Amino acid sequence: MNKPKSNILIVDDDKTHRNMLKTLLNKWGYALAEADDGQTAIDMVAEKLYDLVLMDIKMIKVSGLVALVEIKKINPAIPVIIMTAFSSVDTAVEALKTGAYDYLTKPFDFDKLKLTIQRSLEHTQLKKENFQLKETLGKNFNCNNIIGKNEKMQKLIQTISQVAKTDATVLINGESGTGKELIAGAIHYNSLRSQGPFIKINCAAITETLLESELFGHEKGSFTGASRNKEGKFQQADKGSIFLDEISETSMSMQVKLLRTLQEREVTPVGSEKVIKLDTRIIAATNKNLIDLIAQGEFREDLYYRLNVINLGVPPLRQRTGDIQLLVQHFLKEYAQKNNRAIKGFTPGAIKKMVEYHWPGNVRELMNTLERSVILSTGDFLSKDDIQIETNSSVKPGFEESTGQINVDEKTLYEVEKLAILKMLDKTGNNKSKTARRLGISRRTLHLKLKDYGVMP
């Protein structure tokens, strides 16, 4: 399918100049409309949606500057490029302050004109895509997507709704796979910061040296491989929220730096003396008992109290078995649609099997099991035999260096795979090609998995 042409409105009271622009822009593949006065342009924008307005600043009846103000009232998102004589550059700068995207001086450099139009349209498209993405993410993280009639879950959902409206720091406790990221997203997208960024980082998936750079940024040349300045995750989360997953896995020295960031609301990039102020909400999560870690000298008590302003506990799935039927119905609809399968539901035996299983990997394990069952099933209903639960997926991490095997007990298959990949990556000195070869997977697959783990952007 051919991409629709961008619609450009040319506004100029000089007919010769207008015709020249029409010929040129037609040649470049744009759909065009024209107006010979600022008021006509205002009326046209009120009646029809244009992708871009290319407007002269000096016109006899209504000037481009006046028209710009009115056009922006009608459609604040529409980009307006101002055309002006060199002698009127000061007025063009005033137009930029009023909301113009850019200005061009006459006579035109045609290459610059073409590039400015392209950039303007790309900028608008990017803003549109970002808005759509935020809308989608907001829907995904809606409190309605946190499914559960269990009393603990209902209380949790109610607390999220209350907490979201504030700027308080939040600590989320819960086993792996219980949906801590979903909770963090629900807090952000139901807050006053919902239009700002929601930045996530898995503290356990990155080495300490890299984690400092990832969180706080770095200056060019601050360490080997720092070929350019890099903005840290805290800066990227400005006016939004940052989600620090697996905060318990940070080293004591990193905890000191995080404590300072929480106390002072500022960061200093690696290799820099510049202090950058933050306007960022902090949401952290852990699958470990931080009080126990404090007693063992592995977590700072002062950092814990900074993080633990609001504490949200997410119950494991085995403590809310009454919600399993609700969850599986929800995920069945999602995975059947995703995999183009016309599955109508479950047999009673399938439901019984899922309700009676203890789900050590929690909701994540349930989701993986259901998607696998949907893909491999052949009937209209998922039966007991279709629900293929990986009974060896309950694992505890234990990597045997001598054999390269993973001992599993209290961990999901997803987490075992993640542990194996990260361990191999560490053994190969972060050499991704060698890691992929040793694991018997493609480099592309490795990249996708690392991205999923939060190791790669």
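Leu307 makes contact with Thr169, Val170, Leu171, Ile247, Leu262, Ile282, Ala284 and Phe299, its neighbours within four places in sequence left aside. The model is predicted, and these contacts are read from its coordinates.

Leu307 belongs to a bigger picture. The largest nonpolar core has 29 residues. Leu307 is among those with the most contacts inside this core, together with Leu215, Phe234, Leu244, Ile247, Leu258 and Phe299. Two of these, Ile247 and Phe299, also appear in the contact list of Leu307. In soluble globular proteins, nonpolar side chains tend to be buried together.

Which elements each supply at least two residues of this core? The strands are β7 (198–202), β8 (241–245) and β11. The helices are α8 (208–216), α10 (252–264), α11 (290–295) and α12 (301–307). The largest share comes from α10, with 4 residues. A second core is separate and has 22 residues. Ile324, Ile351, Val363 and Ile389 are included in this second core.

Now turn to helix α15, which spans residues 362–376. Asn362 lies in this helix. Is Asn362 buried or exposed? Its relative accessible area is 0%, so Asn362 is buried. The side chain of Asn362 has backbone partners. One is the backbone oxygen of Ser176, reached at 2.9 Å. Another is the backbone nitrogen of Leu317, also reached at 2.9 Å. Beyond residues up to four places away in sequence, Asn362 touches Glu175, Ser176, Gly177, Thr178, Pro316 and Leu317. Both polar partners, Ser176 and Leu317, are therefore on the list of residues that Asn362, buried at 0%, touches.

Ser373 lies in helix α15 as well. Its relative accessibility is 2%, so Ser373 counts as buried. Ser373 touches Leu382, Asp386, Ile387 and Gln388, again not counting residues up to four places away in sequence.

Next come the aromatic rings. A pair of aromatic rings is described by the distance of the centres and the angle of the planes. The model holds 6 aromatic pairs. One of them joins Tyr304 and Tyr305. Their ring centres are 5.1 Å apart and their planes stand at 70°, so the pair is edge-to-face. Why does 70° qualify? Planes over 60 degrees apart count as edge-to-face. The two tyrosines have opposite exposure. Tyr304 is buried, at a relative accessible area of 10%. Tyr305 is exposed, at 52%.

Tyr357 and Trp359 form another edge-to-face pair. Here the centres are 4.6 Å apart and the planes are at 85°. Both residues are buried. Elsewhere, ring pairs link Tyr189, Phe198 and Phe243 into a cluster.

Finally, consider confidence. The protein chain averages a pLDDT of 83, and 87% of the residues score at least 70. Where is confidence highest, and where lowest? Strand β11 (residues 281–286) is highest, at a mean of 96. Strand β15 (residues 399–400) is lowest, at a mean of 33. Strand β11 is also one of the elements that supply the largest core.

Two stretches call for caution. Over residues 134–138 the pLDDT is below 50, and this stretch has 5 contacts in the model beyond near neighbours in sequence. Over residues 393–411 the pLDDT is also below 50, and here the model has 44 contacts beyond near neighbours in sequence. Where pLDDT is low, the predicted coordinates should not be read in detail.

Technical notes
Residues numbered from 1 in each chain as written. Predicted model: local features only at pLDDT ≥ 70, side-chain atom pairs only at ≥ 80, totals over all residues. Heavy atoms only, no water. Phe/Tyr/Trp six-rings, centres within 6.5 Å; stacked < 30°, edge-to-face > 60°. Buried < 20%, exposed > 50% of the residue type's maximum accessible area, 1.4 Å probe, protein only. pLDDT = per-residue confidence, 0-100. Contact = heavy atoms within 4.5 Å. Core = buried A, V, L, I, M, F, W, Y, C linked by side-chain atoms within 4.5 Å. Polar contact = N/O pair within 3.5 Å; in protein donor to acceptor, adjacent residues only side chain to side chain.
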